[in-house]
Amino acid sequence: MQCKQWVILAAALMTTWVSHSALASDEVVVYSARNEQLIKPLFDAYTKESGVEVKFITGKAGSLLQRLKAEGDNTPADLLITVDAGNLWQAANMGLLQPVSSAKLSEAIPAHLRDPDNQWYGLSVRARTIVYNTNKLNDSDLSTYEDLADPKWKGKLCLRTAKKVYNQSLVAMMIAEHGESQTEAIVKGWVANLATKPFSSDTKMMEAVAAGQCEVGIGNTYYFGRLEDKDPTIPLKLFWPNQQSSGVHVNISGGGVTKYASNVNGATALLEWLASDKAQNLFSDSNHEYPANAQIKPSAQVTAWGSFKGNQVNVAKAGELQVDAVKLMDRARYK
Amino acid sequence: MNRVARAISPVTRLFTQGWRLSALVISLAVLTPVMVIFWSLFSPDLAVWQHLKEHLLWELTANTFWLVLGTASGTLVLGVALAWLTAVCEFPGRKIFSWALLLPLAVPAYVTAFVMVGIFDFTGPLQSGMRSSGIEWALPEIRSLAGVTLVMVLAFYPYVYLIARNAFATQGKRALEAAQSLGYSPRAGFFKVALPMARPWIIGGVMLVIMETLADFGTVSVFNYDTFTTGIYKAWFDMFSLQAASQLASILVIFVFIIVLLEQQARARMRYTTVGKTAGKQERIPLKGWNSVAAVGFASTVMLLAFIIPMTQLLIWASDVVMDDLDSRYFDFLWHSLLLATMAALLVVTAAVILAVANRYYSDLTTRIMVRVATLGYALPGPVLAVGAFIPIAWFDNQLRDGLHAVFGYDGGLMLQGTIVTLLIALCIRFMAVGFSAVDGNLQRITHSIDESAHSLGSSGLTLLRRVHLPILRGGLFTAMTLVFVDVMKEMPITLMTRPFGWDTLAVRVFEMTAEGEWERAALPSVAIVLAGLIPIILMNRHAQH
């Protein structure tokens, strides 16, 4: 290594150091588990509209929570965004968030999609529903999540791994509804009906349903939307289960203001803007999700999948019962 | 070693103490995150632990055992066989294979995994094609122990290959000559002389593979294959118990430390030093007829599976998204990746030289343990190491800020976390083992008689290092830098957690795409990672041939 190269390296190091200390005072700092391409367009739009800079960093929710915790009252973060209720519940539980009272937020976001203590708010809804192969089944063959545990589905069910939080939330909400022992029997029924080992992703699972490796599966609607984008003739269809009972399982992608935010007002304003009419479509449509604000219609493609009754139990339950759900699935040997 | 110690002057003794002190500082740096993890043992999460013990622990341990065993033996056989063929034998295309077989090093294992599952699973093009043309063969299930082992062997064999090839290239021929003079056939010469002589280096390579396998999360999760590390992830991310995750991680570290010590004890009983001068032009063993066809077929199959197929698939996917996704920000991603990888490589290799030299001057137990402790970071799953490194740095940073504020009324915010210092420290801790093993392997080849003759000519201390050791070590240093460079390019969890604002790298880009399962879109940054990783590999190879 030449001397000159060393100098360049040192200069590069110094630049990052210096650029760090030049903090603008009115900017909002966000830690986001929602990935960059789904969140940056919103921040750009917000900056354009309000003039407020948004600085953000993405990562896995669990790591971001530990980062917040370790940084303590010196954290640069003002706002935390995740892609599930479980981690928001956990953040509140760890004392990393603070309650925000905002008429705008409580008006825009339905009560079951936000924290009862106002520490976090859902911004978009992710529906986890049944998907089936149209060459093999009709709507009339299907009814509920629970029904998929029936032995008539033996060798016909595909599932994603139990290690994904979406399945953990689903089972947590089932525990809230049916209690542990009945839910465990249902999950054991699912496992007995599996056509093949659980898949690592919803996309892989849906592709297997479409290819006929199995006939039916449980997945998030936006993965279906992506497959539909790629191949409009794919022999797959969504089915809305539990319409006579609890409703379709929903989770949220949402956010909350951090406990030690240095810019509480800025963070609240950003959160309010994300829940506003203008931003809601931008937030949900980028990923074929549903707006959390019930007044706002989803995209045309998503609307075409039909309307459904969603589960009205507060999504905080999914966080509260997540550990129980994970243990239950381990006992049922759902991998 | 003691002979050397007795021969040195007081000045040199002070100097060697300096080495030892520096080695101590480095191993303490690595020990800090490990101790943070160990701290969990004092406040265990009994509820989660009880559950893990009852329902998962046994299965996870068994799964991990088979995976490690399979991957270690697979990389051993593949790496050593290919190294022997390219270093000692002669067959058509040998020169090309010699460097091409290193290329898979640049391909992240989770990428190979995703591509392989994509191709060979029920929904993949192979089985779909067979079904539509009416072929009713049942292919073996790719999402299985065999499948995940195969992918790991293909991804990790270059560690063994690279190190074994260097060993064979410098001593293989001479070993064979010795064997022949004892009346051995070439085959017996390989098994009875060359292989045992190269053993410490080969084992060093396999140790890297074992640690990498133990710490892997990306690859196994593509297969949904549960290991100790997926258990750690489950405890932390799904059951919200960093404590239980740390308890599991502590067991992992203790286990690895025991293997490392055992390996070192086994190595310490023998003295592996070769005659100083490296052989001139070697005469290779020409392979004839079927042997040569088999050699070409073998090497091509490995190349095809480990590099050509994954790379082709990646390029196809990347070309689908390149128009939409490739923008000017990729220059930043690339620049950040390169800068980070270069700085980490330089730091790690500097530290590795200090450790290796300390290890050479001092053969006492303390030094040996100290040096080995410094390599433990490689066995910890990335996020666990990241959090272990982050907590003490954040603590220090908080104290610093509060202190400055109290004394000078100056509030500069968190000073370390806003910079890449945290990230670099964590990366160095992680990849110390990679750098050390390459440097140490080469340093051990310098005989003590060289040291002694240098002493008799008045060279000692830094002069000895600069004028005698470093020139001989050059190849090893370059190998170490390349390995660390490529590993940092591929590294994801530590970069994700500890990077400063605006410091996105290519690997972070891969995360952004895969976080919501958009693997095909992740092809573009993956291709960039592979291409950038190829540069030092090709340079290293040029270097090795001169």
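Start with chain B of this predicted model, coloured by pLDDT. Among the elements of chain B, helix H4 (residues 57–88) has the highest mean pLDDT, 96, and helix H1 (residues 2–7) the lowest, 46. For chain B as a whole the mean pLDDT is 86, and 91% of the residues reach 70 or more.

Now select residues 1–6 of chain B. The pLDDT stays under 50 over this stretch, and the model has four contacts for it beyond four places in sequence. Then go to residues 275–279 of chain B, where the pLDDT is again below 50. This second stretch has six contacts in the model beyond near neighbours in sequence. Where pLDDT is low, the predicted coordinates should not be read in detail.

Next, show both chains. The predictor gives the complex an ipTM of 0.89 and a pTM of 0.90. At the interface, 47 residues of chain A are in contact with 42 residues of chain B. On the chain B side, select helices H3 (46–55), H10 (218–223), H11 (228–238), H14 (329–361), H16 (382–408) and H20 (493–498); each supplies at least two residues of the side that touches chain A. Which of these helices gives the most to that side? H16(B) does, with eight residues. Colour the chain B side by residue class: 23 residues are nonpolar, 12 polar and seven charged.

Hide chain B and colour chain A by domain. The domain assignment gives domain 1 as 20–125 + 251–296 and domain 2 as 126–249 + 316–331. Taken over C-alpha atoms, the centres of the two domains of chain A are separated by 28 Å. Their contact takes 17 residues from domain 1 and 16 residues from domain 2. On the domain 1 side, pick out helix H4 (85–93), strand E4 (121–133) and strand E8 (249–257) of chain A, each of which supplies at least two residues. H4(A) gives the most to this side, with five residues. By class, the domain 1 side divides into seven nonpolar, seven polar and three charged residues.

Now zoom to strand E1 (residues 28–32) of chain A. Is this strand buried or exposed? Five of its five residues are buried, so E1(A) is largely enclosed by the rest of the structure. Show the side chains to see the two faces: A:Val28, A:Val30 and A:Ser32 lie on one side, A:Val29 and A:Tyr31 on the other, and all are buried.

Add strand E2 (residues 54–58) of chain A. E2(A) runs parallel to E1(A), and five bridges join the two. Across this pairing, A:Val29 stands opposite A:Lys55. Follow the chain from E1(A) through helix H2 (residues 36–50) to E2(A): this β-α-β crossover is right-handed. Then add strand E3 (residues 79–82) of chain A, also parallel to E1(A) and joined to it by three bridges. Here A:Ser32 has A:Ile81 as its bridge partner.

Finish with two backbone angles in chain A. Most residues other than glycine have a negative phi. Select A:Asn118, in the loop between helix H5 (103–108) and E4 of chain A. Its phi is near 65°, a positive value in a residue other than glycine. A:Asn118 counts as partly exposed because it has 18 C-beta neighbours inside 10 Å.

Last, select A:His288, in the loop between helix H11 (277–285) and strand E9 (290–291) of chain A. The phi of A:His288 is near 55°, also positive. A:His288 has 21 other C-beta atoms within 10 Å and is therefore buried, the cut-off being 20 or more.

Note on methods: Residues numbered from 1 in each chain as written. Chains lettered and ligands numbered in written order. Predicted model: local features only at pLDDT ≥ 70, side-chain atom pairs only at ≥ 80, totals over all residues. Contact = placed C-beta atoms within 7 Å. Helix = DSSP H or I, 4+ residues; strand = E, 2+ residues; numbered from the N terminus. Nonpolar A, V, L, I, M, F, W, Y, C, P; charged D, E, K, R; others polar. Domains from an automatic or database assignment. pLDDT = per-residue confidence, 0-100. Buried ≥ 20, exposed ≤ 12 C-beta atoms within 10 Å, placed from the backbone. Pairing = 2+ DSSP bridges. Right-handed = clockwise from strand over helix to strand, strands pointing away.
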